[in-house]
Amino acid sequence: MKCSQMLRYDLYRSVHKFLRKELYQFGEELSKTDFRKIEAVTGIKNSFDKIVFDLKMHAQKEEKYFTPLFDKKGSTVHKHVEQAHFNQQDELMEFQGIFENAIKTVDDEERVIQGCHICSSYDRFLSNNLLHFNQEETILMPELWHLYSDKELQHVTVDSYRGMPEHVLLVGSSSFFPVLNFLEKRTYLQDLKEACLPETFLEIWKRTLVSEGCFTNDEKSAFAIEFDLPLVGHVADQSF
């Protein structure tokens, strides 16, 4: 039986894949942390601070660029789902406080007990975030597909990239490409090409070309042809 659904432009799925990877990796790092050692607790807190930064940036982007899309059309579907952003901020502040308390704790055994509490709390935090991502993908995105064309949705993403500092796109793309499939990488390249100055787009390509896990050899060839890009990257500047 043929699938009648069309492949639509998605505002959420790709970035959620990146955030899920970060959350999973942090959970694995947290589970191995030796809370007897202050330096280990400090290290895991620093890792968590990076997640805090990325989640806050993601929420701010959604509130600035995506929320107005619903408001413009008089849709209220997003109201309940986006409440999770406010709840998330409270959870993040709570976590940072728990980590700081653990670092200040003198007794090793008490710190280990605090570590067990942190691990249990993180499981709940992870579950809440995964549920939120799912709601955005299965409730909010279909509503936006109903209200807007793919071209209009793509324009929103392009605007959001234009609003980012250039160095964020230059550095962040090397972490973003590895979680994407071929079609998602192609869409991301299309969006970057429209959003960036030609020299910035070329610089992103050259950096990611030599960054491990960004592209397979077949993808490099296909994208080089489609976007008229060189098969030469930075670092070693070798042809592929």
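## Close-up views of side-chain contacts

**View 1. A network of salt bridges in the predicted model.** Asp-10, Arg-13, Arg-20 and Glu-137 are joined to one another through a network of salt bridges. The structure shown here, as in every view that follows, is a predicted model. Counted by the rule used for such contacts, there are 15 salt bridges, and the next three views each show one salt bridge between two named side chains.

**View 2. Lys-45 and Asp-49 meet in a salt bridge within helix α2.** The distance from N to O in this contact is 3.0 Å. Both residues belong to helix α2, which covers residues 38-72, and because they are four residues apart in that helix, they are separated by about one helical turn. Lys-45 counts as buried, since its relative accessibility of 12% is under 20%, whereas Asp-49, with a relative accessible area of 24%, is partly exposed.

**View 3. Lys-50 and Asp-54 form a salt bridge, also in helix α2.** Here the closest N and O atoms are 3.1 Å apart, and the two residues lie four residues apart in the helix, which is about one turn. Lys-50 has a relative accessibility of 47% and therefore counts as partly exposed, while Asp-54, at a relative accessible area of 14%, is buried.

**View 4. Arg-207 and Glu-203 form a salt bridge in helix α8.** The closest N and O atoms of this pair lie 3.0 Å from each other. Helix α8 spans residues 198-209, and within it Arg-207 and Glu-203 are four residues apart, or about one turn of the helix. Arg-207 is partly exposed, with a relative accessible area of 34%, and Glu-203 is partly exposed too, with a value of 23%.

**View 5. Phe-95 and Tyr-122 form an aromatic pair between two helices.** By the rule used for ring contacts, the count comes to 20 aromatic pairs. In the pair formed by Phe-95 and Tyr-122, the ring centres are 6.3 Å apart and the planes stand at 75°, so the arrangement is edge-to-face. The contact links distant parts of the chain, because Phe-95 lies in helix α3 (residues 78-104) and Tyr-122 in helix α4 (residues 108-147), with their positions 27 residues apart in the numbering. Phe-95 counts as buried at 5% relative accessibility, and Tyr-122 counts as buried at 1%.

**View 6. Phe-177 and Tyr-188 form an edge-to-face aromatic pair.** Their rings are 5.0 Å apart from centre to centre, with an angle of 65° between the planes. Phe-177 is found in the loop between α6 (166-176) and α7 (182-195), whereas Tyr-188 is in helix α7, so this pair ties together parts that are eleven residues apart in sequence. Phe-177 counts as buried at 0% relative accessibility, and Tyr-188 is buried with a relative accessible area of 6%.

**View 7. Ring pairs link aromatic residues into a cluster.** Phe-177 and Tyr-188 of the previous view both belong to this cluster. The other members are Phe-18, Tyr-161, Phe-176, Phe-182, Phe-201, Trp-205, Phe-215, Phe-223 and Phe-227.

**View 8. Lys-73 lies over the face of the Tyr-148 ring.** In this contact between a charged residue and a ring, Lys-73 is placed at 5.1 Å from the ring centre of Tyr-148.

Note on methods. Residues are numbered from 1 along each chain as its sequence is written. This is a predicted model: local features need pLDDT of at least 70, side-chain atom pairs count only at pLDDT 80 or more; totals for chains, interfaces and linings use all residues. Side-chain values use heavy atoms; hydrogens and water are left out. Rings of Phe, Tyr and Trp (its six-membered ring) pair if their centres lie within 6.5 Å; planes under 30 degrees apart count as stacked, over 60 as edge-to-face and the rest as tilted. Buried means under 20% relative accessible area, exposed over 50%, partly exposed in between (1.4 Å probe, protein chains only). A charge sits over a ring if NZ of Lys or CZ of Arg is within 6 Å of the ring centre and within 35 degrees of the ring normal. A salt bridge is a side-chain nitrogen of Lys or Arg within 4 Å of a carboxyl oxygen of Asp or Glu.
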